[in-house]
There are 2 protein chains.
Amino acid sequence: MTRTRQIVLASRPQGSATRDNFRLEQVDLPQPGPGEVAVRLIWMSLDPYMRGRMDAARSYAPAVEVDAPMQAGAVAQVTASNSDRFAVGDIVVGNMPWSEAAVVPADGLRRVDPAHGPIQHALSVLGMPGMTAWVGLTRIAPTKPGDTVLVSAATGAVGSVAGQIARSRGLRVIGVAGGPEKCRYAEQELGYDACLDHRAGDADALSAAIQAAAPDGVDVYFENVGGKTLQAVLPHMNDFGRIAVCGAIAWYDGKNLDQAPPLPAVWVQILRRRLNVRGFIVFDHADAQGEFVAEVAPLVASGAITIRETVADGLDAAPEAFLGLLRGENFGKQLVRVGPDPQ
Amino acid sequence: MTRTRQIVLASRPQGSATRDNFRLEQVDLPQPGPGEVAVRLIWMSLDPYMRGRMDAARSYAPAVEVDAPMQAGAVAQVTASNSDRFAVGDIVVGNMPWSEAAVVPADGLRRVDPAHGPIQHALSVLGMPGMTAWVGLTRIAPTKPGDTVLVSAATGAVGSVAGQIARSRGLRVIGVAGGPEKCRYAEQELGYDACLDHRAGDADALSAAIQAAAPDGVDVYFENVGGKTLQAVLPHMNDFGRIAVCGAIAWYDGKNLDQAPPLPAVWVQILRRRLNVRGFIVFDHADAQGEFVAEVAPLVASGAITIRETVADGLDAAPEAFLGLLRGENFGKQLVRVGPDPQ
């Protein structure tokens with residue numbers, strides 16, 4: 001038996017998630033059973049969708065039970081194996097508890113080759129967030145030559161890849177992000193044609209800025225946030241515009257509900273402009289893995305797509321880092337370094 | 001010169017459209033120029049989309065100018081021809097002014113063969129409304145075997161064909177209509193598995209009725225109305241549900257704006273259930289004409305698809321019939337018999 005530490009859901013949030021909704025505890029791990037491996041976690045990913053799993057509400061993913069560990073995508077090293085798919089020392093990526101060590105089914109794991117770059121890329125640009133960006137711009141709201149693409153949460157783990165994919169396809173790309181530092185980074189490092197600061201004013205001010213940055217309108221909106229940004233973008237959607245609804249972080253805590261256009265106006269606009277509004281979740285598109293890697297891996301290898309990371313140190317830091325992510329305090333991909341990286 | 005009577009847009013509606021927004025006037029018609037024909041109107045179609053053209057707002061179709069004639073799809077007989085495409089006596093269908101006679105370009109007209117059935121079918125089941133139904137269930141919110149399809153304005157010109165197309169594809173079809181008479185007709189004549197009366201109660205009552213009629217949820221919603229019906233349908237949409245937004249008649253006059261779920265809730269539902277919400281207008285799908293006729297014409301010929309008509313007599317009756325249409329007082333396809341039908 002190995003003793004490890006894990007973070008469980010102590011209680012469901014009432015409105016905003018808080019530190020009290022999490023609890024650190026010690027737990028004994030069994031030996032891996034048939035088809036299982038024991039791992040030590042190295043990198044853990046924090047993502048906005050996890051907020052949804054803290055609620056009891058029916059969602060695309062089952063809710064985390066109260067007193068059960070939170071779950072995350074993680075990169076880990078195999079420490080004991082009862083599966084012929086993995087050997088001790090292998091680096092793997094897959095779904096794991098928020099913990100320092102775990103015993104998990106080998107079935108859900110994929111090998112990570114450290115020769116191909118930083119292993120934590122399997123949690124960002126070459127992992128779930130990167131594939132989310134690709135699926136959004138390829139299957140959900142497919143881009144066409146000449147399109148203007150607008151990306152909210154433009155410097156986030158998903159948004160930054162979406163922006164860079166759109167740019168690599170030769171499109172005009174407008175970002176919306178929170179604060180001048182993120183906007184500068186979006187324009188100077190990520191190659192956005194323009195990035196607009198949603199904190200600089202109200203929805204009308206943001207709408208005016210979009211008008212200036214996209215005078216011919218917006219063809220594809222990669223939606224991560226809802227709220228004021230959605231309100232500002234909608235009037236600029238062109239005929240046959242496509243909206244990939246990937247997230248609505250502004251509304252996740254039950255906040256900012258007044259920052260929304262009335263549904264009747266939106267519905268009539270969907271009709272008149274023949275918009276296509278489509279929600280998606282990357283887990284439904286596992287079959288796209290090959291196509292995604294074929295387009296994006298070479299762009300990462302060449303440096304055409306880069307990813308910025310915010311790293312929290314140690315498992316104990318995960319709840320605070322997650323709450324900061326919900327408040328938009330991260331800058332790029334939010335990771336937790338749970339244990340030493342062998343690279 | 002021929003003298004004729006026509007109905008013009010006298011003023012733009014402030015809120016609800018009223019009789020005062022229309023004016024009957026006499027006008028002199030010129031001789032048809034090169035490529036033009038003179039026609040006498042027989043059947044004129046009244047459709048909810050015309051309400052949008054009465055506003056100055058940017059829409060998919062140009063607004064009707066104040067003092068210019070209202071426009072409609074119409075079936076007419078050629079009385080003089082300056083085009084080698086049509087001869088005197090031919091029956092044609094196309095866009096025409098609300099008038100007893102007109103001079104129009106031959107280019108926009110299509111011949112109607114009286115041997116194929118009632119000529120006014122070119123304005124309903126085999127015309128724009130029928131094709132709207134087909135495009136919605138084929139290109140916009142494509143049906144799949146096993147789907148449950150819900151159609152609002154279920155007995156209207158578009159909805160009645162949508163319901164019958166869905167039924168002919170072997171799907172479970174639920175209608176929503178206004179009043180017991182329409183619902184009885186939908187179930188007994190149009191073959192809906194169930195039709196729910198939205199006038200029987202509030203949105204919660206309608207939602208409960210949908211739950212009972214579609215216990216496994218709704219896969220495709222053919223949306224004609226918005227308002228309370230949309231509010232009641234949304235919670236029942238299944239994962240990967242599709243909504244074809246064809247109309248939103250409840251909101252056209254700027255009324256019932258309180259009968260709408262809040263946008264944040266809808267947006268999060270689009271995300272969690274991976275809904276695809278898509279607005280459309282049949283005029284963008286002229287290339288579908290052949291496919292549409294291939295599926296629907298045999299169903300009309302065999303009697304598997306029928307259409308009920310409400311006929312207003314004489315051009316003078318058009319404004320009142322149109323206002324009644326907006327209030328849901330028509331039953332099936334609203335037509336105006338402008339002149340004698342040679343059939």
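**Notebook: a predicted two-chain model**

I started at A:V39 and found that its bridge partner in β6(A) is A:A102. This is a predicted model, so I noted the limits: local features need pLDDT of at least 70, side-chain atom pairs count only at pLDDT 80 or more, and totals for chains, interfaces and linings use all residues. Residues are numbered from 1 along each chain as its sequence is written, and chains are lettered from A and ligands numbered from 1 in the order in which they are written. Helices (H or I, at least four residues) and strands (E, at least two) are DSSP runs, numbered from the N terminus.

**Entry 1: strand β3 of chain A**

I looked up the neighbours of β3(A), residues 36-45. I count two strands as paired if DSSP finds at least two bridges between them. Strand β6 (residues 101-105) of chain A runs antiparallel to β3(A), joined by 5 bridges. Strand β4 (residues 71-81) of chain A is also antiparallel to β3(A), over 7 bridges. Here A:V39 turns up again, with A:V78 as its bridge partner in β4(A). A third antiparallel pairing, over 3 bridges, links β3(A) to strand β15 (residues 333-337) of chain A. In that one I noted A:S45, whose bridge partner is A:L335.

Next I checked cover. A residue is buried if 20 or more other C-beta atoms lie within 10 Å of its own, exposed if 12 or fewer, and partly exposed in between, with C-beta atoms placed from the backbone. By that rule 9 of the 10 residues of β3(A) are buried.

**Entry 2: the sheet across both chains**

Which strands make up the open sheet of 12, and in what order? I read β10(A)-β9(A)-β8(A)-β11(A)-β12(A)-β13(A)-β13(B)-β12(B)-β11(B)-β8(B)-β9(B)-β10(B), with mixed pairing. The edges are β10 of chain A and β10 (194-197) of chain B; each has a single partner strand, so one side of each is left without a neighbour in the sheet. From one strand to the next the twist averages 15 degrees.

At the chain A edge, β9(A) and β10(A) run parallel and share 4 bridges. There A:A177 has A:D197 as its bridge partner in β10(A). Helix α2 (residues 128-140) of chain B packs on the sheet, touching β11 (218-223), β12 (237-245) and β13 of chain B. Its direction makes about 140 degrees with that of β11(B). Angles run from 0 to 180 degrees between N-to-C directions, and axes are lines fitted to C-alpha atoms, for helices over the stretch in contact.

Where the chains join, β13 (residues 276-279) of chain A pairs with β13(B) in the antiparallel sense over 3 bridges. A:N276 has B:R278 as its bridge partner.

**Entry 3: the contact between chains**

I used contact to mean C-beta atoms, placed from the backbone, within 7 Å. Chain A and chain B each give 29 residues to it. On the chain B side, α7 (263-272) and β13 (276-279) each supply at least two residues. The largest share, 8 residues, comes from α7(B).

How do the copies relate? Chain B can be laid on chain A with an RMSD of 0.0 Å by a turn of 180 degrees and a shift of 0.0 Å along the axis. The two copies are thus related as by a two-fold rotation axis. The superposition is by least squares on the C-alpha atoms of residues with pLDDT of at least 70 in both. I also saw that 100% of the interface residues of chain B are interface residues in chain A too, so the copies meet through the same surface.

**Entry 4: helix α4 of chain A**

Which residues of α4(A), residues 180-188, are buried? They are A:K182, A:C183, A:Y185 and A:A186. Seen down the helix axis, they fall within an arc of 160 degrees (taken over the directions from the axis to the C-beta atoms), so they line one face of the helix. The face turned away carries the exposed residues A:P180, A:E181 and A:Q188. Among the elements covering the buried residues are α3 (157-168), β9 (172-177) and β10 (194-197) of chain A.

**Entry 5: two backbone oddities in chain B**

I looked for positive phi outside glycine. B:R274 has phi near 55 degrees. B:R274 sits in the loop between α7 and β13 of chain B, and counts as buried with 20 C-beta neighbours inside 10 Å. Its C-alpha atom is 5.0 Å from that of B:F240, 34 residues apart along the chain. B:F240 is in strand β12 of chain B and is partly exposed, with 15 other C-beta atoms within 10 Å.

B:A153 also has a positive phi, about 50 degrees. I found B:A153 in the loop between β8 (148-152) and α3 (157-168) of chain B. B:A153 is buried, with 28 other C-beta atoms within 10 Å.

Key. Two residues are in contact if their C-beta atoms, placed from the backbone, lie within 7 Å.
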